[in-house]
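Hi there,

Here is the structure I promised to pass on to you. Have a look at it first, and then read on for what turned up.

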Amino acid sequence: MLHIAVTLFLIMDPFGNFPVILSLLKNYNEKEKLQIIIRELVFAFAVIFIFIFFGKNIMNFLGLKEESMSIAGGIILFLIAIKMIFPTNEPMFGKDSELYIVPIAIPMIAGPSLLATLILFSSQYGIGIVLKASLISWTLGAFIIIISLKFSKLIPNKIFSAVEKLMGMLLISLSVQMLLDGIAKYLHF
């Protein structure tokens with residue numbers, strides 16, 4: 001079970017996601033940031049829970065393939081990355097937008113790779129083991145994100161701005177890879 005938890009934790013990538021999450025939350029005060037992060041972590045776990053039990057059935061019912069989830073996640077992350085590299089004073093998703101499920105809960109924490117892995121692991125190892133491993137990895141990831149939020153106040157704005165742009169470049173690479181993976185799987189390369 002430990003190797004499943006470690007694999008899921010690495011796919012969730014809280015260390016890699018945190019700079020992106022922080023840049024999405026830069027226009028919120030500390031209390032709002034914490035509330036949003038906790039809410040999004042709960043949504044992400046709800047999606048994880050649903051996919052452990054019903055993921056394969058949901059995807060079959062909707063006629064979705066893993067490839068479509070990968071392509072959709074790649075597009076969303078690409079748009080976020082562009083905004084990180086070329087920031088403006090407007091909120092990331094429009095003037096009246098609120099971060100709600102997308103993009104923090106999905107695809108950042110519970111992304112297409114994680115959901116596909118959950119479906120695979122559930123059929124290989126059983127639902128009980130995957131549920132326990134998911135709870136362990138989610139709890140550790142949530143702890144890292146929440147603790148990182150507390151320490152983020154110590155980072156000067158210029159350093160944060162430089163890291164945000166660097167993370168934007170890396171996120172563009174990740175988003176393009178997600179798109180290419182989805183296309184390659186769809187075309188059976």
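Searching the whole structure, which is a predicted model, turns up two salt bridges. As background, side chains of opposite charge can pair when their charged atoms come close.

One of the two pairs Lys-33 with Glu-30, and their closest N and O atoms are 3.5 Å apart. Both residues belong to helix H3, and because they sit three residues apart there, about one helical turn separates them. How much of each partner is left accessible? Lys-33 has a relative accessible area of 9%, so it counts as buried. Glu-30 has 32%, which makes it partly exposed.

The other salt bridge brings together the side chains of Arg-39 and Glu-40, at 3.0 Å from N to O. Is Glu-40 buried or exposed? With a relative accessibility of 1%, Glu-40 is buried, because anything under 20% falls in that class. Arg-39 is at 21%, so it counts as partly exposed.

Helix H3 is also a good place to start on the surface. It covers residues 30-62 and gives seven residues to a nonpolar patch, the most of any contributor. The patch is formed by Phe-49, Ile-50, Phe-53, Phe-54, Ile-58, Phe-61, Leu-62, Leu-64 and Ile-127, and together these have about 830 Å² of accessible area. Take Phe-53 as an example: this residue lies in H3, and its relative accessible area of 32% makes it partly exposed.

Next, the inside of the model. Rolling a probe the size of a water molecule over the atoms shows where empty space is left. How many cavities of 30 Å³ or more are there? The count comes to one, and the volume of this largest cavity is about 50 Å³. Its lining is made up of Met-12, Asp-13, Pro-14, Asn-17, Leu-41, Ile-109, Trp-138, Gly-141, Ala-142 and Ile-145. Two elements give two or more residues to that lining, namely helix H2 (14-24) and helix H7 (127-151). Of these, H7 provides four residues, the largest share. Sorted by type, the lining has seven nonpolar residues, two polar ones and one charged one.

Asp-13, one of the lining residues, deserves a second look. You will find Asp-13 in the loop between helix H1 (2-12) and H2. Its phi is positive, at about 50°, although Asp-13 is not a glycine. Its relative accessibility is 35%, so Asp-13 counts as partly exposed.

Where else does a residue other than glycine have a positive phi? Ile-101 is such a case, with phi near 70°. Ile-101 is placed in the loop between H4 and H5, and at 28% relative accessibility it counts as partly exposed.

That loop has another feature to show you. Val-102 and Pro-103 are joined by a cis peptide bond, with omega at about 10°. Pro-103 lies in the loop too, between helix H4 (66-85) and helix H5 (104-109). A cis peptide bond also joins Ile-106 and Pro-107, again with omega of about 10°. Pro-107 is part of helix H5.

Finally, here are two pairs that show how distant parts of the chain are placed in space. Ile-146 and Pro-14 are separated by 132 residues in sequence, while their C-alpha atoms are 10.0 Å apart. Ile-146 is in helix H7 and, at 24% relative accessibility, is partly exposed. As for Pro-14, you have already met this residue in the lining of the cavity.

The other pair is Leu-120 and Gly-55, which are 65 residues apart in sequence and 9.6 Å apart in space, again from C-alpha to C-alpha. Leu-120 belongs to helix H6 (residues 112-125). With a relative accessible area of 44%, Leu-120 is partly exposed.

If you would like a route through the model, you could begin with the two salt bridges, move on to the nonpolar patch to which H3 gives the most residues, and then turn to the cavity with its lining from H2 and H7. The cis bond between Val-102 and Pro-103 would make a good last stop.

Happy looking, and best wishes!

Technical notes: Residues are numbered from 1 along each chain as its sequence is written. This is a predicted model: local features need pLDDT of at least 70, side-chain atom pairs count only at pLDDT 80 or more; totals for chains, interfaces and linings use all residues. Side-chain values use heavy atoms; hydrogens and water are left out. On a 1 Å grid over the protein atoms alone, a cavity is a set of points where a 1.4 Å probe fits but cannot get out, and a pocket is an open set with protein on both sides within 12 Å along at least five of seven lines; lining residues have an atom within 4 Å of a point. Grid points are joined across faces, edges and corners, and a volume is the space filled by probe spheres set on the points. Ala, Val, Leu, Ile, Met, Phe, Trp, Tyr, Cys and Pro count as nonpolar, Asp, Glu, Lys and Arg as charged, and the others, Gly among them, as polar. Patches are made of residues with over 30% relative accessible area and no salt bridge: like charges are joined within 9 Å, nonpolar side chains (Val, Leu, Ile, Met, Phe, Trp, Tyr) within 5 Å. Accessible areas come from the Shrake-Rupley method with a 1.4 Å probe; for residues, only the protein chains shown count as cover. A salt bridge is a side-chain nitrogen of Lys or Arg within 4 Å of a carboxyl oxygen of Asp or Glu. Buried means under 20% relative accessible area, exposed over 50%, partly exposed in between (1.4 Å probe, protein chains only).
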